[in-house]
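User: I am a first-year student, and I would like a close look at a single part of this structure. Please take one residue and its surroundings, and then show me the wider setting step by step.

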Protein chains: 2
Amino acid sequence: MRNVFHDELAGLVDTLVEMTHFAESAMSRATTALLDSDRALAESVIAADSRLDALERDLEERSLLLLARQQPVATDLRVVVTALRMASSLERMGDLARHVAKLTRLRHPGSVVPPEIRATILQMGQVAQRIVAKAGSVIASRDIAVAGEMEIDDDEMDRLHRAVFTFLQQHGQEVGTEVAVDLTLCSRYYERFADHAVSVARSVVFLVTGEHEVPRRDQLAG
Amino acid sequence: MRNVFHDELAGLVDTLVEMTHFAESAMSRATTALLDSDRALAESVIAADSRLDALERDLEERSLLLLARQQPVATDLRVVVTALRMASSLERMGDLARHVAKLTRLRHPGSVVPPEIRATILQMGQVAQRIVAKAGSVIASRDIAVAGEMEIDDDEMDRLHRAVFTFLQQHGQEVGTEVAVDLTLCSRYYERFADHAVSVARSVVFLVTGEHEVPRRDQLAG
């Protein structure tokens, strides 16, 4: 029985890792579409999101079957329940990429991002891509050190989020209210995307260490 | 064994209903604090949020114990797993009320809300209060008709959310960028609050009917 359980659990873990790839691809393409005002690419991000929703629903059904058939207890039970929570975060990350793509579509052929803040948004996209890739690694390898790096990435995302607000405070009159509203939402989508990635990693850390706190990478480094 | 299971399940349901009361109180007080620029009230909302977090964690631990001890299958299993998901949404609703309170604190003694849009924000607060109260009813009574009403409330919230954007488009220059950014975030918090309430109700509907779609109240009425 234990082997069947662990085989099926490995299948859930594979699906979670696959979901991180989908979320990474979605936010990466959404960022490119946003910066290039590429409507077709934005449409493809919007259309692809149903795939991530389907993966979550599939994972939920398999988790319920696994719980019903194998009746795990203690740590094994907690792992399955945590997988459900992680899938929910990853599905939500796909929604956030879709929101970025929808803003792009709404303003096309105009651009959501004024040239002066383009580099900041590009960085937000890069941090988003990096942090979800690391979430995939943490799920696959249970490497706590990588989870610690992600906390630093999340700080970087928060810094960029604040930089967008500072830009808007200084240049709001020039760029106009529509851009201010769009950028505020857009920046919030990236920030939430990173929060969900961190939440996924923290769940893994809790499974491994029993602690809700993650040792930060800079603390590990000395 | 069945009776123990159903007693413990009833305890989880009670906790979920209690969580809706907390979320309702939090958003109601956060709205008052926002409209009155009442810093002390905002602080109390921020401080109280840890209670909702604790309720979620407690519900999770009890759910895991229930799964481990009673080993439910089929519908009973799905009910417990769904309770976990609902608790997560309710905890998030508390976070959103806390975000509204934090905006209030940040701008105190100034106000986040210009007089011209005050009535709209007041309505958002009222819809938020109503929709979470109904979520509590749906959890307690499994009344699908109330879940249908909530879909209408959610449409109303979306309409108010769009009204905030329309106001900002028309009066952005007058109110300034800081207010535009604050109102955009604030409006988004209310809109997400309602989304989470609807998600809670939909989960109950799925448990009762096996359908992800909720019959809308206006359709029920004929």
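**A leucine and its setting**

Analyst: In this predicted model, leaving aside residues up to four places away in sequence, L185(B) touches F165(A), T184(A) and R188(A) of chain A, together with L103(B) of chain B. L185(B) belongs to helix α6 of chain B, the helix that covers residues 177-209. Is L185(B) buried or exposed? Its relative accessibility is 6%, and because buried means under 20%, L185(B) counts as buried. Distance along the chain and distance in space can also be set side by side here, since L185(B) and H99(B) are 86 residues apart along the chain, while their C-alpha atoms are separated by 9.0 Å.

We can now turn to chain A, which supplies three of the contact partners named above, F165(A), T184(A) and R188(A). Chain A contains 7 helices and 0 strands, and reading along its sequence gives the pattern α-α-α-α-α-α-α. The radius of gyration of chain A is 19 Å, which is close to the 17 Å that the globule rule gives for 222 residues, so chain A is as compact as a globular protein of that length. Along its principal axes, the C-alpha trace of chain A spans about 65 × 45 × 20 Å.

How much of chain A counts as buried? Of its 222 residues, 55% do. The accessible surface of chain A comes to about 9200 Å², and carbon and sulfur atoms account for 51% of that area. If we take the contacts in chain A between residues at least 6 apart in sequence, 84% of them join residues that are at least 24 apart.

A last feature to examine is the second largest pocket, which holds about 150 Å³ of space. Its lining is made of 13 residues, and the closest to the centre of the pocket are V13(A), V79(A), I139(A), R142(A) and L207(A). The elements that give two or more residues to this lining are α1 (2-36), α3 (74-107), α4 (118-141) and α6 (177-209), each of them in chain A. Which element gives the most to the lining? That element is α1(A), with 4 residues. Sorted by character, the lining residues of the second largest pocket divide into 11 nonpolar, 1 polar and 1 charged.

Note on methods: Residues are numbered from 1 along each chain as its sequence is written. Chains are lettered from A and ligands numbered from 1 in the order in which they are written. This is a predicted model: local features need pLDDT of at least 70, side-chain atom pairs count only at pLDDT 80 or more; totals for chains, interfaces and linings use all residues. Side-chain values use heavy atoms; hydrogens and water are left out. On a 1 Å grid over the protein atoms alone, a cavity is a set of points where a 1.4 Å probe fits but cannot get out, and a pocket is an open set with protein on both sides within 12 Å along at least five of seven lines; lining residues have an atom within 4 Å of a point. Grid points are joined across faces, edges and corners, and a volume is the space filled by probe spheres set on the points. Ala, Val, Leu, Ile, Met, Phe, Trp, Tyr, Cys and Pro count as nonpolar, Asp, Glu, Lys and Arg as charged, and the others, Gly among them, as polar. The radius of gyration is taken over C-alpha atoms; the globule rule is 2.2 Å times the number of residues to the power 0.38. Buried means under 20% relative accessible area, exposed over 50%, partly exposed in between (1.4 Å probe, protein chains only). Contact means heavy atoms within 4.5 Å. Accessible areas come from the Shrake-Rupley method with a 1.4 Å probe; for residues, only the protein chains shown count as cover.
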